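Welcome, and thanks for joining this tour. Please have your viewer ready, with the selection tool at hand.

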Amino acid sequence: MGGSSNRVEDLSYTDSDLENPVPISATIPPMEIHKVCMPPKRSTLEALKQRLGEIFFPDDPLHQFKNQRPLRKLLLGLQYLFPIFQWGSEYSLKLLKSDVVSGVTIASLAIPQGISYAKLANLPPIIGLYSSFVPPLIYALLGSSRDLAVGPVSIASLVMGSMLREMVSPVKDPVLYLQLAFTATFFAGVFQASLGFLRLGFIIDFLSKATLVGFMAGAAIIVSLQQLKGLLGIVHFTTKMGIVPVMVSVFQRREEWAWQTILMGFCFLVFLLTARHISMRNPKLFWVSAAAPLTSVILSTLLVFIFKAENHGIQTIGHLPKGVNPPSANMLYFHGAYLSLAIKTGLVTGILSLTEGIAVGRTFASLKNYQVDGNKEMMAIGLMNMAGSCTSCYVTTGSFSRSAVNYNAGSKTALSNIAMASTVLVTLLFLMPLFFYTPNVILSAIIITAVIGLIDFGAAIRLWKVDKLDFLACLSAFLGVLLVSVQMGLAIAVGISIFKILIHVTRPNTVILGNIPGTQIYQNIGYYREATRITSVLVLSVESPIYFANSTYLQERILRMVRDEEERIQSCNENNLKCVILDMAAVTAIDTSGIGAISELKKTLEKKSLQLVLTHLVGEVIEKLHLSNTLESFGSDNVYLTVAEAVASISSAYKEKF
């Protein structure tokens, strides 16, 4: 590896060499060989500090405090913990007008959805309204998203209802059920806030988008089928969540079907779906879809009141207590036989609601070109759920449907959540008696309309086109929810996500590289047809970090590729293989098992009279190879900056030798 310029000459070739491998001199222009430098020495503390900083503090949140006066640091600290201090200092009357309009608009959607989703969680309808009052106020103080509209969501409501109902009946033991719901909400908040405080937000990324697409589609169908109880007027209905028991229960209870309920339910369902379709076709008419649920509630309530429909088989919500959220800290369940159920439910619903909330917040932030701090969002959502559990609320997060309405209505800041909560407060204080005659069938129609948007056919088709394994994961999660249960579907989704990670880690790609004629570029010969092999040299690329989990596989895989190359050379009557070049540009990390595998591979190839050469060693990899003395065992003639330099130097050495 000298510093001089070398022109690569041809090795000795046979006539058959002109058919596939081409002379090196025909493909590689003259080039200079550079020396590989060792990384600078660092203490263990420095290396650990840098690594932990990259893992937990990639955004360097303390950077803004550098070289600032104490008073300025205090102000920046308050703005960091409470974003309302940041945008509140620049607030204006014009912004207030936009936020109030947005808040009142989303309240028209949040009120009927809150009642409906509480029903989905097997909770009293008033709990849904309570959950649309306190959490939005807390999020407005702590959240970093300008567009996220907070409240109950369908998936978390469904999962909480199905998990708790398996052990405790909301009808036979309503007090215990309510205690477990509040306790699960508390543990969900603790888990969410802890992830943000410890900066462990990457944990929620284990739920891949593919599995979430399948899970949410399956859950949407199950939720819709469950609403057949309300649409058909059935009184006695199965508590199971699978599609088979639900449909069996529907047809076994045909004698309970009420034509009045069916007529009203399907008429309003068509109205809601039509309004949704209009808003989707013309985003400027977003208010049509936003106002449709509340309009349905008002019209149906008037119809029931005028025609005394409750006397003709149409079930109504009944009495809802007036007043703001009563305290519920005394109802938290921290001991007893069902504590593990509350913790498990809290963790599952916490992960789901956190995933949805952050995804929604980032989606609308990207549309307005501002940043959402994921860890701050986790703390905000977690703290609002902890506070909510003490004020008669259940799990809440950012809702996509309400956030979309908030965005389209022109919200400017998180004050729109305060405006929404204020509207809900007025409803709680003065308008609760008006819901007495609201029919349950309307709540079912609202839920069906809301969850239909969770079925994303376009995403499933894209998964099939782009990645068949992702589509299989999506389909497995979908069928798990549909045929077994929501919990099983979620477990399958998580399991498949982890399995995919294990597949990528334990079975990474290793490909053969060829030279693009007339350049110093080497690419995968399977993708680039013009890429040509180098005679007597096998260039391989490992496209993954080398860990204990894949080191043995990579060693076996590389030896098999060497064997296949030797067989190909023999069948084509070409020059014998003399060197294996391992391009490690994509090897971003290596552990002791990986280092051991590289050393073993070198010894094995030497026994076959083959030279092993390493190229493109990145900082951490070259540092560990140096500290383990593995790099010194290779020598300077077997380590190069690039594949092109390695080929040039090796071919020059072979020319001199032969």
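One definition will help along the way: a residue is called buried when its relative accessible area is under 20%, exposed when that area is over 50%, and partly exposed in between. Keep in mind, too, that this is a predicted model.

**Stop 1: a pocket**

Start by selecting K119, N122, P170, V171 and K229, which of the 38 lining residues are the closest to the centre of the second largest pocket. The volume of this pocket is about 1,100 Å³. A probe the size of a water molecule, rolled over the atoms, is what reveals where empty space remains.

Which helices should you colour next to see at least two residues each of the pocket lining? Pick helix 5 (93-120), helix 8 (154-165), helix 9 (174-197), helix 11 (228-232) and helix 19 (440-452). If you colour the lining by residue type, you will find 19 nonpolar, 15 polar and 4 charged residues.

**Stop 2: N122**

Now zoom in on N122, which sits in the loop between helix 5 and helix 6 (125-130). Is N122 exposed or partly exposed? Its relative accessibility is 22%, so N122 counts as partly exposed. Check the backbone as well: phi of N122 is near 65°, a positive value in a residue that is not glycine. For most residues other than glycine, phi is negative.

**Stop 3: the sheet**

Move on to the open sheet, where 6 strands follow the order 6-5-7-8-9-10 with mixed pairing. At its edges, select strand 6 (522-524) and strand 10 (639-640), each of which pairs on one side only.

Next, select residues 579-583, which make up strand 8, and residues 611-615, which make up strand 9; the two run parallel and are joined by 5 bridges. To see one such pairing, click on D583, whose bridge partner in strand 9 is T615.

**Stop 4: helices on the sheet**

Show helix 24 (residues 592-607), which packs on the sheet and touches strand 8 and strand 9. The direction of helix 24 makes about 145° with that of strand 9. Then add helix 23 (residues 551-572), lying across strand 5 (510-515), strand 7 (537-542) and strand 8. Helix 23 runs at about 150° to strand 7.

**Stop 5: S609**

Finish at S609, in the loop between helix 24 and strand 9. Phi of S609 is near 65°, a positive value in a residue other than glycine. Is S609 buried or exposed? With a relative accessibility of 62%, S609 counts as exposed, because the cut-off for that word is over 50%.

Terms used: Residues are numbered from 1 along each chain as its sequence is written. This is a predicted model: local features need pLDDT of at least 70, side-chain atom pairs count only at pLDDT 80 or more; totals for chains, interfaces and linings use all residues. Side-chain values use heavy atoms; hydrogens and water are left out. Two strands pair if DSSP finds at least two bridges between them. Helices (H or I, at least four residues) and strands (E, at least two) are DSSP runs, numbered from the N terminus. Contact means heavy atoms within 4.5 Å. Axes are lines fitted to C-alpha atoms, for helices over the stretch in contact, and angles run from 0 to 180 degrees between N-to-C directions. On a 1 Å grid over the protein atoms alone, a cavity is a set of points where a 1.4 Å probe fits but cannot get out, and a pocket is an open set with protein on both sides within 12 Å along at least five of seven lines; lining residues have an atom within 4 Å of a point. Grid points are joined across faces, edges and corners, and a volume is the space filled by probe spheres set on the points. Ala, Val, Leu, Ile, Met, Phe, Trp, Tyr, Cys and Pro count as nonpolar, Asp, Glu, Lys and Arg as charged, and the others, Gly among them, as polar. Buried means under 20% relative accessible area, exposed over 50%, partly exposed in between (1.4 Å probe, protein chains only).
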